[in-house]
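Student: I am new to this structure and would be grateful for a close look at a single part of it. Please choose one strand and explain its surroundings.

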Amino acid sequence: MNESERYALGTRTVRRVGYGAMQLAGPGVFGPPKNRPGALAVLREAVASGVDHIDTSDYYGPHVTNQLIREALHPYPRDLVIVTKLGARRGPDGSWKPALSAEDLKSAVHDNLRNLRVDALEVANLRIMFGAHQPTEGSIEAPLAVLAELQRQGLVRHIGLSNVTAKQVEEGRARAKIVCVQNHYNLAHRHDDGLIDELAAAGIAYVPFFPLGGFTPLQSTALSDVAKALGATPMQVALAWLLQRAPNLLLIPGTSSVEHLRENLTAADLKLPGEAVTKLNQIATGQPKAG
Ligand SMILES: NC(=O)c1ccc[n+]([C@@H]2O[C@H](COP(=O)([O-])OP(=O)(O)OC[C@H]3O[C@@H](n4cnc5c(N)ncnc54)[C@H](OP(=O)(O)O)[C@@H]3O)[C@@H](O)[C@H]2O)c1
């Protein structure tokens with residue numbers, strides 16, 4: 001992987017391409033993986049290939065993904081940054097419920113510490129869910145104050161925000177040091193274009209979730225055409241497009257397959273010519289757009 005391309009995440013720097021562990025849990029991110037040795041192999045291969053940024057949460061499974069990370073990788077390499085998130089819990093049927101009360105957040109921090117077997121969480125994203133799944137306006141003051149207190153206690157080193165509006169990012173930055181924002185973004189879903197530029201100017205990492213489109217990976221004729229012309233796969237092109245979009249984008253593509261993992265990591269070496277970027281920029285709007 002390209003060693004020169006790194007970006008700050010809290011007080012550490014990480015490679016631009018990391019790994020998102022959500023896909024390692026069972027179907028619907030619920031229960032154990034279908035292929036446990038395969039899940040452990042993906043994590044070990046990621047770190048052996050140079051990945052130093054893994055995204056997780058204790059509500060994946062729940063507990064399953066963190067326990068897999070611990071089994072595969074503990075004791076952790078010194079340079080590995082594990083980022084987790086708090087703010088949701090799972091119903092008995094696998095449903096996703098908001099969990100933003102002081103009690104919820106405290107127990108989520110302790111669940112993460114126990115299951116990852118660490119003394120402190122390097123980065124904890126406060127994942128906002130005010131009822132709806134998509135970002136919804138509303139003050140984040142109360143849950144952020146709880147997380148800031150857990151940070152003062154030394155249980156959380158750095159705070160990030162997830163699934164938030166630009167206004168909530170502004171509110172969060174006024175109340176705490178925010179080291180990253182993790183929101184839904186990819187070449188077909190560009191709601192956060194303005195926010196990304198704002199955060200880049202402030203030196204804050206933006207971590208797109210669903211970088212490949214999520215549960216249904218991106219499909220587009222333009223994407224396939226560009227990939228074919230470059231001798232790459234559509235997923236590699238989708239990741240390379242994100243890497244060139246702004247320097248503060250840190251990628252966490254998810255996969256349960258070692259083969260897909262290897263494919264995704266080589267996206268860091270793919271350079272997109274200007275005409276390819278112009279073509280890809282038309283996917284979201286149907287119109288040429290500045291990349
Ligand atoms: N903050 C939040 O609210 C939030 C929400 C969602 C996700 N996340 C985080 O973001 C990370 C990334 O999101 P994600 O995993 O949901 O979605 P994603 O990275 O956009 O896509 C994952 C999907 O793409 C497939 N895939 C991966 N590489 C591929 C390849 N090279 N060729 C073909 N298919 C490929 C995977 O299937 P295979 O397993 O078969 O490869 C999986 O179905 C998650 O792991 C999680 O850590 C955060």
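Tutor: The following account concerns one strand and the elements around it. The model is a predicted one, and the part chosen is strand β11, which spans residues 205–209.

Five of the five residues of β11 are buried, so the strand is largely enclosed by the rest of the structure. In a regular strand, side chains point alternately to the two faces of the sheet. For β11, both faces are covered. One side carries A205, V207 and F209, the other carries Y206 and P208, and all of these residues are buried.

The partner to consider next is β10, residues 178–184. Strands β10 and β11 run parallel and are joined by five bridges. Within this pairing, Q182 stands opposite V207 of β11. V207 thus appears twice in this description: it is buried on the side shared with A205 and F209, and it faces Q182.

The two strands also belong to a unit that includes a helix: β10, α6 and β11 form a right-handed β-α-β unit. Helix α6 covers residues 193–202.

Two members of that unit, β10 and α6, also help to cover another helix, α5. The buried residues of α5, which runs from 166 to 175, are Q168, V169 and G172. Viewed down the axis of α5, these buried residues fall within an arc of 105°, so they line one face of the helix. Besides β10 and α6, the cover over them includes α4 (141–152) and β9 (156–162).

Methods
Residues numbered from 1 in each chain as written. Predicted model: local features only at pLDDT ≥ 70, side-chain atom pairs only at ≥ 80, totals over all residues. Buried ≥ 20, exposed ≤ 12 C-beta atoms within 10 Å, placed from the backbone. Helix = DSSP H or I, 4+ residues; strand = E, 2+ residues; numbered from the N terminus. Arc of directions from axis to C-beta. Contact = placed C-beta atoms within 7 Å. Pairing = 2+ DSSP bridges. Right-handed = clockwise from strand over helix to strand, strands pointing away.
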